[in-house]
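Q: I have a model open and would like to learn how to read its helix packing, its empty spaces and its backbone oddities. Could you take me through them one at a time?

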Amino acid sequence: MSAQADTTNKVTVKTLHKKKRAGEKIVCLTAYDASFARVLNQAGVDVVLVGDSLGMVIQGHETTTPVTMDDTVYHCRNVARGVSRALLVADMPFLSYTSVDIALENAGRLMKQSSAQMVKLEGGADQADIVTALTQQGIPVCAHLGLQPQRVHKIGGYRVQGREADAAEAMIEEAKIIEKAGADMMVLECVPPDLAEKIARALSIPVIGIGASPACDGQILVLYDILGISMGRVPRFSNNFLQKAGSIEGAVKAYAKAVRDGSFPGKEHVFS
Ligand code: KIV
């Protein structure tokens, strides 16, 4: 089954920046195959991310670290066949951007072989050179600050980041550095709501929250979490939208509506 060729109102980097300026929330979700991607695209999701969360929800691993470039290229290529309107973003897997040259080669694969329209990579100021090199070659970059799941073994678990005043200040500075380096968007994961709001206000690029704050410019969740079919413990910041909606399409639409009207995330989904 192929995607409907409805490219009216195609979401681009420009659209996302315009939405931020207009105070319109950006709806993002993950997908890993063409059929789900098509549902998201038709439900009006703005950004579809081929997340390395595929390591958990598709492959059944405990973490994202086993995901390879070949895995991501394969899933992104499939998702691309289901997406016409939404912006297609692909995660750079663990250790796929350890130098500028390696990052350029791998991001290039995602753009050329899988039709990705933006790549996402984890890290702060330490990734600034890579962000600049990619954007200078015309590859839009989404940064990822706060909890960085690819570093889970280093940080010792999935923990809220930026609770202490000095860590919060450092994160604000890192966010500014990454924006200056050329990032077009930023995901903020598991960050206290007041810090997430400060970062969203400090940057002119869209800041997308996950376990962060309703004041972010948009929200992202793992598709399988909103459908209640994820393996293992469902994170507190997620919500099962399928239960009430009764259909997959209904769940995606309910999530999109809740993000746009500001009712998601609620207090129970953030870490004060
Ligand atoms: O891998 C992923 O799915 C992600 C998001 C949920 C932000 O990085």
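A: Gladly; let's start with helix packing. Axes are lines fitted to C-alpha atoms, for helices over the stretch in contact, and angles run from 0 to 180 degrees between N-to-C directions. Helices (H or I, at least four residues) and strands (E, at least two) are DSSP runs, numbered from the N terminus. This is a predicted model, in which local features need pLDDT of at least 70, side-chain atom pairs count only at pLDDT 80 or more, and totals for chains, interfaces and linings use all residues. Residues are numbered from 1 along each chain as its sequence is written, and side-chain values use heavy atoms, with hydrogens and water left out.

Q: At what angle do α6 and α8 pack, and how far apart are their axes?

A: Two packed helices are described by the angle between their axes and the distance between the axes. Here, helix α6 (residues 128-136) meets helix α8 (residues 165-181) at about 25°, and the axes are 8 Å apart. That angle makes α6 roughly parallel to α8. Angles under 35 degrees count as roughly parallel, over 145 as roughly antiparallel, 65 to 115 as roughly perpendicular and the rest as oblique. The crossing of α6 and α8 is right-handed; a crossing is left-handed if the near helix is turned anticlockwise from the far one by less than a right angle, and right-handed if clockwise.

Q: Which residues make the contact between α6 and α8?

A: Contact means heavy atoms within 4.5 Å. From α6 come Ala128, Val131, Thr132 and Thr135, and from α8 come Ile177, Ile178 and Ala181. By class, the residues of this α6 and α8 contact are five nonpolar, two polar and no charged. Ala, Val, Leu, Ile, Met, Phe, Trp, Tyr, Cys and Pro count as nonpolar, Asp, Glu, Lys and Arg as charged, and the others, Gly among them, as polar.

Q: How does α5 pack with α6: parallel or oblique?

A: Helix α5 (residues 100-114) packs with α6 at about 45°, with axes 9 Å apart. That makes α5 oblique to α6, and their crossing is right-handed. Val100, Ala103, Leu104 and Ala107 of α5 meet Asp129, Ile130, Ala133 and Leu134 of α6. The residues of this α5 and α6 contact comprise seven nonpolar, no polar and one charged.

Q: What about α8 and α9?

A: The axes of α8 and helix α9 (residues 193-202) come within 10 Å and cross at roughly 25°. These two helices are therefore roughly parallel to each other, with a right-handed crossing. On the α8 side, the contact is made by Ala168, Met171, Ile172, Ala175, Lys176 and Glu179, and on the α9 side by Leu195, Lys198, Ile199 and Ala202.

Q: Now the empty spaces: how many cavities of 30 Å³ or more are there?

A: Rolling a probe the size of a water molecule over the atoms shows where empty space is left. On a 1 Å grid over the protein atoms alone, a cavity is a set of points where a 1.4 Å probe fits but cannot get out, and a pocket is an open set with protein on both sides within 12 Å along at least five of seven lines; lining residues have an atom within 4 Å of a point. Grid points are joined across faces, edges and corners, and a volume is the space filled by probe spheres set on the points. The search finds one cavity of 30 Å³ or more, and about 50 Å³ of space lies in the largest cavity. Its lining includes Cys28, Lys120 and Ile208, and by class has nine nonpolar, no polar and one charged residues. β2 (47-50) and β6 (185-189) each supply at least two lining residues.

Q: What is the volume of the largest pocket, and which residues lie nearest its centre?

A: The largest pocket has a volume of about 900 Å³. Of its 38 lining residues, Met56, Tyr158, Arg233, Pro235 and Phe237 lie nearest the centre. By class, this lining has 18 nonpolar, ten polar and ten charged residues.

Q: And the second largest pocket?

A: The second largest pocket has a volume of about 320 Å³. α8 gives the most to its lining, with four residues.

Q: Finally, which backbone oddities should I look at?

A: Most residues other than glycine have a negative phi, and most peptide bonds are trans. In this model, Leu95 has a positive phi of about 65° although it is not a glycine, and Leu95 sits in the loop between β3 (87-91) and α5. A cis peptide bond joins Phe264 and Pro265, with omega about 0°; Pro265 is in the segment after α12 (248-260).
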